[in-house]
Amino acid sequence: MSVSVKDLHVQLGSNHVLKGMDFDIKSGQRVALVGPNGCGKSTLLRTLCTILKPSQGEVRLEGELIQSYSRRERARKIGLLSQSDVIPMMTTVRDHVSIGRHPHRSYFRDRSSNDAAFIDAAIEVCEISHLADRPVERLSGGERQRVRLATLLAQSPDLLLLDEPLTGLDLEHQYALLHLLEDLSQKEGRTLMVVLHDLSLAMRFFDRLLVIHEGKLVADGLPADVMTSELLSEVFNIQADIGHEPATGQPVIICHRQG
Amino acid sequence: MSTPLSVTTQLSTSIGGRRWLRVAIGATLVVVLIVIGLIASLALGAVDIPLVDVIKVMTGSGEKTDTQIILQSRLPRSIAAVLVGCNLAISGTLLQAVTRNPLADPGLIGVTAGAALAATIVLAVLPSSAILLPIVAFAGAMIAAVVVYVVSWRPGAGSSPMRMILAGVAVNAVLGAVIGLLMTAFADRIPAMMFWTSGSFNGRGWGHVDMLWPYTVAGVGLALWIRPRLAVMELGDDAAVTMGVPVERTRLIAFAAAALLAGSAASVAGLVGFIGLVVPHLMRLLLGGNYGLIPVSAVAGGALLLWSDLVARLALAPAEMPVGVITGLIGGPYFIYLLYRARWLR
């Protein structure tokens with residue numbers, strides 16, 4: 001699913017959070033959004049999935065204005081893993097994940113065999129099968145994050161927006177998620193926009209970086225081209241170099257002691 | 001997380017099957033409770049009527065006195081109790097879902113305090129106009145609910161569960177203060193006010209049933225209509241928007257339905273506590289989650305209030321206790337017992 005953003009402004013109260021953003025994302029691209037806290041990354045994702053309304057500018061999906069889709073059509077095309085951790089009352093893991101199928105259901109066709117296949121697959125992929133009958137409120141933070149990810153996968157949107165998806169995950173599941181995201185884009189052609197704070201992981205697992213600073217897009221391109229010592233200094237206010245792991249050649253950020 | 005999403009797996013239908021069985025057992029249980037409660041309510045009272053005579057009355061061949069007692073007094077009273085219990089239980093279920101607050105009940109949105117204030121005004125200032133109580137209490141409940149919703153509304157942002165709860169607390173505090181003021185100023189009328197505020201079905205007839213059932217039908221219909229959306233909204237407003245749910249519209253429908261259901265219940269029975277808060281929890285524990293919750297809660301609320309009214313009538317006969325006292329005494333300890341047993345809340 002291609003995404004086109006033109007002159008996007010978002011104002012929250014008196015706070016002008018996004019100050020004119022332009023970019024195009026091709027179908028199947030894997031894009032990392034990086035930038036310091038409060039720069040507008042989450043606001044951008046929330047605007048793309050219509051939780052927030054832009055004060056100016058437009059968002060197009062496959063060339064059509066996002067407002068031209070019905071709510072359900074939008075929900076079948078765009079999914080969000082947000083940072084909020086709302087825990088529903090007395091809801092089992094399986095029930096939570098099955099809610100992801102809501103956009104694909106009609107009132108009189110509440111569940112179908114197709115639904116069950118998506119739900120089972122999402123639960124298996126996120127390795128929470130052993131938790132399926134347990135209430136979500138009794139899981140650890142990392143387990144809950146995997147449940148929320150499974151719910152997003154059950155929704156099966158073409159464009160997946162993930163806001164800091166690694167939060168709460170242990171190292172094994174962080175890498176498992178990043179490899180899953182690679183599979184989703186490479187094997188299934190899904191488009192991914194992911195907010196990350198770990199710049200080394202962003203450079204390694206994504207084929208494009210959007211760097212946001214103070215509500216503006218300040219850099220956009222291949223990780224190797226975008227991530228420079230100058231950019232780290234200007235945007236993240238750190239003195240650092242871009243190095244490479246000797247064994248794998250993967251890029252890493254090497255921070256120097258500040259002051 | 002090593003395999004792609006498109007993996008197809010065997011369908012697991014066993015969980016769905018168990019769920020249906022659990023809902024069917026739960027629903028059967030509460031329906032049986034209502035049927036037995038209805039029979040007992042018709043047979044027992046100041047004058048006990050043998051079961052055979054109850055059946056004769058219901059088939060149109062009973063004696064005149066029995067027919068009058070059952071058809072003009074006990075039957076409408078029992079049906080009113082079932083409908084009020086049903087209304088309060090659905091109201092609580094809806095409010096707990098839209099506010100995402102397990103402690104939400106009709107009292108939270110000002111409905112109870114609004115009805116209580118309106119009734120207190122009538123009982124204190126216009127005691128000779130007590131016949132107006134139902135309609136005035138209903139109006140008070142609706143006005144309070146509208147005030148809570150309007151106060152919780154922000155232009156551009158709509159309502160939010162948190163603002164709704166805080167607005168309800170604020171409105172309840174103000175209305176409670178005014179009720180206290182009226183009780184102080186009209187101390188000689190406190191017994192009548194206290195009886196009303198504890199809830200009762202004494203003297204309720206077919207007119208009250210006619211006041212209730214349209215709200216029950218409409219409330220159940222609205223609740224079932226928005227049920228799939230409510231499940232999504234329990235994941236939070238942002239998640240609901242991204243799942244295609246019209247959040248603000250759904251919250252308004254649920255709020256309005258809850259207010260109408262609780263307002264109509266209060267206008268007929270006064271203030272009956274506990275049902276709206278605890279019945280949805282009891283049924284979640286019985287059903288093992290939210291699946292089938294609305295219809296089963298509705299029937300369970302009716303059953304609980306029917307049995308509570310029966311106990312209220314018989315426990316200290318010929319005197320009658322407020323039914324709210326019984327609902328609290330039966331339901332509170334049972335709820336505590338379930339809380340200790342429930343795996344959900346460990």
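This passage describes a sheet in chain A, the contact between chains A and B, and a helix of chain B. The model is predicted, with local features requiring pLDDT of at least 70 and side-chain atom pairs pLDDT 80 or more, while totals for chains, interfaces and linings use all residues. Residues are numbered from 1 along each chain as its sequence is written, and chains are lettered from A in the order in which they are written.

In chain A, four strands (DSSP runs of E, at least two residues, numbered from the N terminus) form an open antiparallel sheet in the order E2-E1-E4-E5. Strands E2 (15-25) and E5 (64-65) of chain A are the edge strands, each pairing on one side only; pairing requires at least two DSSP bridges. Strand E1 (residues 3-12) of chain A pairs with E2(A) over eight bridges in the antiparallel sense, and Val3(A) stands opposite Ile25(A) in E2(A).

The contact between the chains (C-beta atoms, placed from the backbone, within 7 Å) takes 45 residues from chain A and 31 residues from chain B. On the side of chain B that touches chain A, helices H8 (206-233) and H9 (237-242) of chain B give two or more residues, helices being DSSP runs of H or I with at least four residues. H9(B) gives the most, with four residues.

Helix H5 (residues 133-152) of chain B has 20 residues. Among its buried residues (20 or more other C-beta atoms within 10 Å of their own, C-beta atoms being placed from the backbone) are Phe138(B), Met142(B) and Tyr149(B). The buried residues of H5(B) pack against H4 (111-125), H6 (161-185), H8 and H10 (247-269) of chain B.

How values were computed
Contact = placed C-beta atoms within 7 Å. Expected span 1.5 Å × (residues − 1). Buried ≥ 20, exposed ≤ 12 C-beta atoms within 10 Å, placed from the backbone.
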